[in-house]
Amino acid sequence: MQAVTDHLTHATDDAAEIVMSVEHLSLDFHLRTNVLHAVRDVSFVLRRGQTLCLVGESGSGKSVTARALLRILDKNGTITNGKILLRGKEDEIDIAPLTERSKELLHIRGGRVGLIFQEPMSSLSPVHTIGSQIIEAVLLHRAMSKKEAREEAIELLRQVEIPNPDKMIDRYTFEFSGGMRQRAMIAMALAADPEILIADEPTTALDVTTQAEILDLIRRLQVSRGMAMLLITHDMGVVAEVADAVAVMHFGRIVEQGGVEDIFHNAKHPYTKRLLASTVKLEQSHLERDEAAAPEKAEPVLQVRNLTKVYGSATGWLGKSTFALKAVDDVSFDLMPGENLGIVGESGSGKTTLGRLILRTVEPTSGAVAYHDADGQEKQVTELDQAGMREFHRDVRLIFQDPFASLNPRMTVRQIVADPMIVSGTHRGKALEQRVAELLELVGLDPLTMERYPHAFSGGQRQRIGIARALALDPRVIIADEATAALDVSIRAQILDLLLDIQKRLQLSFIFISHDISVVRYFCDRVAVMHRGKIVELGDAEQICTAPVEAYTKSLISAVPNPDPRHKRMMHRTRFTAQG
Amino acid sequence: MLRYIIKRLLYMIPTLLGISMIAFVIIQLPPGDYLTSLISRMTQNGENVDPAQIAQMRAIYGFDDPIWVQYFKWITGILLRGDFGYSFEWNRPVSELIWQRMGATLSVSLAALLFVWAVSLPIGIYSAMRRHSVGDHIATFFGFIGLAIPNFILALTLMYVSYKYLGQNVGGLQSQEFIDAPASWAKFVDLLAHLWIPVVVIGTAGTASLIRILRANLTDELSKPYVITAKAKGLPEYKVVLKYPVRIALNPFVSAIGWVLPNLISGVTITAIVLNLPTAGPLLLRALISQDMYLAGSFILLMGSLTLVGMLISDILLALLDPRIRFN
């Protein structure tokens with residue numbers, strides 16, 4: 001408590017004027033059985049032209065705090081204590097006691113405080129045009145005719161750098177890409193020229209390059225309009241790139257706040273240190289592996305040759321070929337035993353399809369996958385019959401991205417982990433039970449929990465269950481498709497370490513599909529960079545991440561935020577202009 | 001859009017053909033034909049039946065032809081001459097009989113559909129927004145009662161109430177004195193006074209299920225991020241709800257036309273018999289009992305076509321309402 005006030009007073013010697021100050025804010029949620037204190041005694045200030053980053057892991061209360069500033073709370077949530085003082089252009093007003101229907105609140109929402117948030121896919125109405133949603137915001141807060149509002153909306157779209165704004169204004173959201181939608185969201189939030197912009201994980205769902213562009217854009221708009229910004233994120237890299245001040249939230253409290261330099265290079269609270277450590281850890285390779293480079297003589301487990309998948313190339317009725325998309329285009333690589341091969345690329349680059357082609361859950365258009373089984377026999381995966389495929393799928397397994405959707409909520413952990421063994425008939429009865437317990441121990445879970453259902457576990461624990469299931473049949477290759485994307489940083493590092501540890505014990509090879517360069521760099525020996533279905537560069541992980549050769553790889557790597565405010569990478573990144 | 005409509009219209013042709021075949025097979029399914037049921041009725045009444053005359057009629061009506069020949073004659077008659085055949089029982093062309101009744105059927109059905117919408121939309125929105133409130137529980141309670149009560153009980157109750165307490169002349173769609181009177185304001189008022197009972201009776205079940213559907217859909221939509229976006233813009237709550245989530249939750253409402261319309265038309269039958277309405281239901285029932293095949297077949301065909309038209313209308317409205325459908 002004392003420390004927080006100290007920081008407040010300490011911070012006032014900054015020149016910038018305070019536009020909003022939040023004082024001792026507490027929020028409660030009334031759940032069915034108990035009261036959840038989601039936010040406890042939180043204080044911070046937002047200054048004109050500056051960015052405060054609110055950092056924390058999922059469940060820390062950062063999003064709830066942000067929405068409380070606009071009084072957008074679920075019905076069971078209440079502000080129990082504290083003030084939200086809005087200053088700036090008009091008289092000081094406390095938002096906390098305003099009622100849901102008051103004119104003052106409606107004026108502040110959108111008029112003085114803008115909000116953008118995470119899901120660019122679902123945060124705009126799918127049945128209204130982009131234009132009509134922006135025009136609505138303009139008309140609500142500014143005295144304009146409909147025609148003027150439309151002009152203004154086009155101007156706003158131009159400011160957020162949407163090409164052909166006069167045409168795009170009449171388009172629907174599903175005709176926009178993720179990055180474009182987030183731009184449109186920003187245009188809408190800026191419609192009434194607010195003094196404060198709250199951005200709740202605005203780039204989490206976007207690719208690194210798009211993220212860099214959006215952050216760039218927000219930064220520029222902020223400078224030109226002199227807005228204060230509250231940026232909520234879990235990504236320390238983003239924080240280092242854009243923050244002026246940082247507040248670290250943990251279990252509903254702000255455990256530490258201060259200037260960005262202080263937090264990154266002079267962190268005091270153990271939680272902040274831990275958060276930074278797990279982020280920085282992912283910035284380098286797991287070193288000891290470099291020594292044990294794969295033995296030369298070994299034969300590759302998987303040989304992928306000229307794999308191609310074309311979608312929609314069916315010839316039309318009149319014999320003319322319709323639109324065809326090469327999702328995977330002439331991809332070749334080898335996977336050595338005990339090797340971790342990373343596949344990185346933006347969404348739509350074909351990396352997930354590639355994983356499915358290798359497993360043959362999607363039938364390749366052309367090309368071959370050769371698999372060397374434990375006895376050294378070579379099998380052409382593309383020519384296997386059903387029985388052969390079953391055997392192949394026993395050796396090559398998949399770990400999914402979403403730890404919440406990939407476990408059947410109506411099966412116990414024991415049933416989930418035992419499922420592949422029952423299907424293939426390898427174990428039964430007592431042996432089955434033992435094997436499940438063994439696997440759970442292997443992934444660091446208590447075997448006593450095997451009778452529980454997935455909902456009783458956290459995201460990280462669920463991913464461990466998914467890994468145990470993948471390991472059940474002693475596979476030789478595991479394809480992990482964005483296996484850590486849905487997890488918090490600290491848990492992400494834990495899961496990666498777990499996988500490395502298991503690999504050492506079980507002689508596994510990984511194909512690790514990810515859009516997150518730092519994860520790949522930490523985990524993989526070699527990295528393949530995919531762009532528009534092609535592998536543009538394939539090489540040693542360190543080399544790709546530090547000294548990329550191809551232009552596309554350079555732009556991709558330089559767009560990754562660097563978790564060190566002294567070396568902002570993103571702001572002077574190389575841009576890759578697509579050649580057609 | 002126009003292409004879409006034309007495509008849908010073209011798709012309707014084979015479907016209609018299929019419906020006509022099924023309709024014809026259905027009326028041929030019961031053993032015997034109109035003449036056998038006529039003979040049995042006549043012998044029951046002690047009348048004399050002349051076998052030669054029967055054989056002659058059989059030849060005239062073509063009852064001895066194979067079924068596909070009969071079907072071919074019937075369908076070409078409809079397609080080429082608009083001739084739906086001849087009702088044996090009424091001794092009049094089927095088309096005359098049908099058009100008389102179809103008008104009443106359609107007006108009752110449409111009125112019921114409007115009633116269903118007008119009642120279920122506001123109540124559904126209210127129920128979703130104030131979930132688990134007293135008002136929601138009351139609406140849910142009456143909704144389930146509406147679903148559970150058989151139509152004819154409701155019809156009898158309403159008739160009793162309106163006769164006993166409102167002193168209204170019930171049954172039918174018009175009072176005796178207006179039936180052959182020319183159209184006038186008084187006739188219209190009289191129609192409304194009669195119409196409300198069938199409309200309420202027929203609409204209740206549909207209203208109840210639509211309230212439940214709208215409540216469930218809207219509850220899902222209310223927690224979507226775009227609703228928060230709209231709130232964060234500074235829109236007042238009722239505008240937020242009406243403009244965004246309700247718009248999307250309306251989809252099942254509109255597609256309801258497709259299934260409510262045939263439901264209403266066929267559901268009318270029992271109610272219509274109880275209330276003595278001059279709609280198609282009772283006539284169809286009699287035609288089926290007496291195996292008046294052309295009349296029955298034409299009714300089934302027309303109702304099938306109405307269902308198709310209802311589906312078409314609902315699909316076109318859906319496309320207008322939701323650009324995601326329009327663009328695919």
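How many bridges join E1(A) to strand E4 of chain A, and do the two run parallel or antiparallel? Eight bridges join them, and the strands run antiparallel. The legends below start from this pairing. The model is predicted.

**View 1. Strand E1 of chain A pairs with E4(A) and with E2(A).**
E4(A) spans residues 77–86. One contact point in this pair is A:Phe29, whose bridge partner in E4(A) is A:Gly77. E1(A) covers residues 18–30, and E2(A) covers residues 35–47. Nine bridges hold E1(A) and E2(A) together, again in the antiparallel sense. A hairpin of four residues leads from E1(A) to E2(A). Look for A:Val22, which stands opposite A:Phe44 in E2(A).

**View 2. A record annotation frames chain A.**
UniProt, in an unreviewed entry, places the feature "domain: ABC transporter" at residues 22–276 and 302–557 of chain A. Take the span 22–276 of chain A: helix makes up 36% and strand 26%. The C-alpha atoms at the ends of this span lie 26 Å apart.

**View 3. Six strands of chain A form an open sheet.**
The order is E16-E17-E18-E13-E19-E20, with mixed pairing. Strand E16 (396–399) and strand E20 (534–540) of chain A are at the edges. Each has a single partner strand, so one side of each is left without a neighbour in the sheet. From one strand to the next, the twist averages 20°.

**View 4. Strands E13 and E18 of chain A pair in the parallel sense.**
E13(A) runs over residues 340–344, and E18(A) over residues 509–514. Five bridges link the two. Within this pair, A:Val344 has A:Ser514 of E18(A) as its bridge partner.

**View 5. Helices H13 and H17 of chain A meet the sheet.**
Helix H13 of chain A, residues 351–359, lies across five strands of chain A: E13, E16, E17 (477–481), E18 and E19 (526–531). H13(A) runs at about 150° to E17(A). Helix H17 of chain A, residues 459–471, also packs on the sheet. H17(A) touches E16 and E17 of chain A. The direction of H17(A) makes about 170° with that of E16(A).

**View 6. Chain B has 14 helices and two strands.**
Its C-alpha atoms fill a box of roughly 85 × 55 × 40 Å along the principal axes. Chain B has 328 residues, of which 32% count as buried. Among contacts in chain B with a separation of 6 or more, 74% join residues 24 or more positions apart. The average pLDDT of chain B is 82, and 97% of the residues score at least 70.

**View 7. Chains A and B touch through 24 residues of chain A and 18 residues of chain B.**
Three helices of chain B each supply at least two residues to its side of the contact: H9 (225–233), H11 (245–275) and H14 (323–326). H9(B) gives the largest share, seven residues. By class, the chain B side has nine nonpolar, seven charged and two polar residues. For the complex, the predictor gives an ipTM of 0.73 and a pTM of 0.76.

Definitions and conventions:
Residues are numbered from 1 along each chain as its sequence is written. Chains are lettered from A and ligands numbered from 1 in the order in which they are written. This is a predicted model: local features need pLDDT of at least 70, side-chain atom pairs count only at pLDDT 80 or more; totals for chains, interfaces and linings use all residues. pLDDT is the predictor's confidence in each residue, from 0 to 100. Two residues are in contact if their C-beta atoms, placed from the backbone, lie within 7 Å. Ala, Val, Leu, Ile, Met, Phe, Trp, Tyr, Cys and Pro count as nonpolar, Asp, Glu, Lys and Arg as charged, and the others, Gly among them, as polar. A residue is buried if 20 or more other C-beta atoms lie within 10 Å of its own, exposed if 12 or fewer, and partly exposed in between; C-beta atoms are placed from the backbone. Two strands pair if DSSP finds at least two bridges between them. Axes are lines fitted to C-alpha atoms, for helices over the stretch in contact, and angles run from 0 to 180 degrees between N-to-C directions. UniProt positions are given in the numbering used here, feature names are shortened, and annotations may be inferred rather than shown by experiment.
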